[in-house]
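Work through three short exercises on this predicted model. Keep the coordinates open as you go.

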Amino acid sequence: MFAPYEKIKHMVNWLVGVRIITRPDQLIIEDRRLTWPMLLSMLGVVLFPLAFVFRYFVGEGVAIDSTGNWLLGVATLVCIALSFRGTLRELYVFDKPSDTYHFARQFLYKKEVIEGTISQFRGAGVVTTVTEDGEGNERTRHSVVLRQTGLLFGASPDQPIRESKPALNFWKTEARIAQAIHKFLDIPRVDASD
């Protein structure tokens, strides 16, 4: 009875979820979660042509009027432009034999790579940040950070795993990533909230 739902859930998780692969000497984390602008632009790219087709076949009196259709198009273009700031996919590789880590962030137009040694990490955890906008609304962001020691003055003791907030930003997912890193590197689990 629940088999089709589980298959769909598995497919969506594979397309835009987090995959953790643990090998004896290597940990690979693949994060394919989309950012909000990317998710909205994909929705707009689908809805914009559908609105035109629906208006053409049904008639002008039933569907979205011309102004609404063009506003949908402009909103889609804005979201597509904002999508260039977010990542499509992030790959985190921790390799014990070489004592190195390799973080690759894939944007629409470039790839950013951060490398270093894993022996500098002293803890892994989830940091929950709550911010307020000017209207009294609270926004919560959960992110996995790796604690570092022995840095230069003014440098942050935390190395964030992901810099852009994904649309599906749940504590459970971030805790799963932090737990995998904690177990693999055998470092303390240090969660915090601001």
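**Exercise 1.** List the contacts of Ile29, leaving aside neighbours within four places in sequence, and place Ile29 in the nonpolar core.

Step 1. Ile29 touches Val18, Arg19 and Ile20. Further along the chain, Ile29 meets Glu90, Leu91, Tyr92 and Phe94. Ile177 and Ile181 complete the list.

Step 2. The largest nonpolar core holds 22 residues. Ile29 is among those with the most contacts inside it, along with Phe94, Phe121, Leu146, Ile181 and Leu185.

Step 3. Two or more core residues come from each of strands S2 (26-31), S3 (87-95), S4 (100-107), S6 (121-132) and S7 (138-148), and from helix H4 (171-185). H4 gives the largest share, 7 residues. Nonpolar side chains tend to be buried together in soluble globular proteins.

**Exercise 2.** Trace the pairing of S3 with S2 and with S4.

Step 1. S2 and S3 run antiparallel, joined by 6 bridges. Ile28 sits opposite Val93 of S3.

Step 2. S3 also pairs with S4, again antiparallel, over 8 bridges. Here Tyr92 has Phe103 in S4 as its bridge partner.

Step 3. The S3–S4 hairpin leaves 4 residues between its strands. In the turn, Asp99 has a positive phi of about 55 degrees.

Step 4. Check burial: 7 of the 9 residues of S3 are buried.

**Exercise 3.** Describe the lining of the second largest pocket.

Step 1. The pocket's space is about 220 Å³.

Step 2. Its lining consists of Thr35, Trp36, Pro37, Leu82, Arg85, Gly86, Ser164 and Lys165.

Step 3. Sort that lining by class: 3 nonpolar, 3 polar and 2 charged.

How values were computed
Residues numbered from 1 in each chain as written. Predicted model: local features only at pLDDT ≥ 70, side-chain atom pairs only at ≥ 80, totals over all residues. Heavy atoms only, no water. 1 Å grid on protein atoms, 1.4 Å probe; cavity = no way out; pocket = protein on both sides within 12 Å on 5 of 7 lines; lining within 4 Å. Points joined across faces, edges and corners; volume = space filled by probe spheres on them. Nonpolar A, V, L, I, M, F, W, Y, C, P; charged D, E, K, R; others polar. Core = buried A, V, L, I, M, F, W, Y, C linked by side-chain atoms within 4.5 Å. Buried < 20%, exposed > 50% of the residue type's maximum accessible area, 1.4 Å probe, protein only. Contact = heavy atoms within 4.5 Å. Pairing = 2+ DSSP bridges.
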